[in-house]
Amino acid sequence: QVQLVESGGGLVQAGGSLRLSCAASGSIFSIISMGWYRQVPGKQRELVATNTSGGSTNYADSVKGRFTISRDNAKNTVYLQMNSLKPEDTAVYYCNAHVAHNRGTSFGAYWGQGTQVTVSS
């Protein structure tokens with residue numbers, strides 16, 4: 001019904017930058033919110049940043065001031081600009097979207113496949 005395609009992950013040295021993107025496609029009436037989460041093996045998936053349709057943003061304390069989430073509504077795409085990367089940012093990053101279907105009468109939540117971000121020291 002809805003597919004989230006992520007790109008931009010990779011290997012970067014500490015202090016460097018990466019930009020992740022996530023494009024949503026499928027049967028979409030509107031996107032209520034999009035966000036990024038990350039997960040390290042053995043730990044729970046944690047919120048990194050979210051962006052609502054109204055433009056409100058929310059960040060994990062660990063990334064405030066370093067990461068920026070943005071959204072292109074026309075392209076149904078969300079971005080995560082990651083600056084001043086640290087080794088502890090190493091994780092699999094997942095895109096998430098809350099989507100309205102059928103003229104706003106139904107809703108769903110969707111996940112991307114995940115993209116690996118590795119920060120070396």
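## Salt bridges

Let's start with Glu46, which is partly exposed at a relative accessible area of 37%. In this predicted model, Glu46 pairs up with Arg38 in a salt bridge, and the closest N and O atoms sit 2.8 Å apart. Arg38 itself counts as buried because its relative accessibility is 6%, under the 20% cut-off. So here a partly exposed acid meets a buried base.

The count of salt bridges comes to four. One of them joins Arg66 and Asp89, again with 2.8 Å between the closest N and O atoms. Arg66 lies in the loop between β6 (57–59) and β7, while Asp89 lies in the loop between β8 and β9, so this pair ties together parts that are 23 residues apart in sequence. Both Arg66 and Asp89 are buried. Arg38, Glu46, Arg66 and Asp89 are also linked in a network of salt bridges. Then there's the pair Lys64 and Asp61, whose side chains meet at 3.2 Å, N to O; Lys64 and Asp61 are both exposed.

## The nonpolar core

In soluble globular proteins, nonpolar side chains tend to be buried together. Here, the largest nonpolar core has 29 residues, and Trp36, Leu80, Met82 and Tyr93 are the ones with the most contacts inside it. Plenty of strands chip in: β1 (2–7), β3 (18–26), β4 (30–39), β5 (46–52), β7 (67–72), β8 (77–82), β9 (91–101) and β11 (115–120) each supply at least two residues of this core. The largest share, five residues, comes from β9.

## The disulfide

A search of the whole structure turns up one disulfide. It's between Cys22 and Cys95, with the sulfur atoms 2.1 Å apart. Cys22 sits in strand β3 and Cys95 in strand β9, so the bond ties together parts that are 73 residues apart in sequence. As for handedness, the torsion about the S-S bond of Cys22 and Cys95 is about -85°, so the disulfide is left-handed. Cys22 and Cys95 are both buried.

## Around β9

Asn96 is another residue of strand β9. At 4% relative accessibility, Asn96 counts as buried. Its side chain makes a polar contact of 3.4 Å with the side chain of His98. Setting aside residues up to four places away in sequence, Asn96 touches Leu4, Ser33, Met34, Gly35, Tyr37, Tyr110 and Trp111.

Where does β9 go next? β9 pairs with strand β10 (residues 106–111) in the antiparallel sense, over six bridges. One partnership to look for is His101 with Ser106 in β10. β9 and β10 form a hairpin with four residues between them, and Asn102 in the turn has a positive phi of about 50°.

## Arg19 on β3

Back on strand β3, there's Arg19. Is Arg19 buried or partly exposed? At 48% relative accessibility, Arg19 counts as partly exposed.

Arg19 and Gly8 are eleven residues apart in sequence, yet their C-alpha atoms are 5.7 Å apart in space. Gly8 is also among the contacts of Arg19, which, leaving aside neighbours within four places in sequence, are Ser7, Gly8, Tyr79, Leu80 and Gln81. Leu80 should look familiar: Leu80 is one of the residues with the most contacts inside the largest nonpolar core.

Key. Residues are numbered from 1 along each chain as its sequence is written. This is a predicted model: local features need pLDDT of at least 70, side-chain atom pairs count only at pLDDT 80 or more; totals for chains, interfaces and linings use all residues. Side-chain values use heavy atoms; hydrogens and water are left out. A nonpolar core is a set of buried Ala, Val, Leu, Ile, Met, Phe, Trp, Tyr and Cys residues joined through side-chain atoms within 4.5 Å. Buried means under 20% relative accessible area, exposed over 50%, partly exposed in between (1.4 Å probe, protein chains only). A disulfide is a pair of cysteine sulfur atoms within 2.5 Å. A polar contact is a pair of N or O atoms within 3.5 Å; within protein, one must be able to donate a hydrogen and the other to accept it, and residues adjacent in sequence count only if both atoms are side-chain atoms. Contact means heavy atoms within 4.5 Å. Two strands pair if DSSP finds at least two bridges between them.
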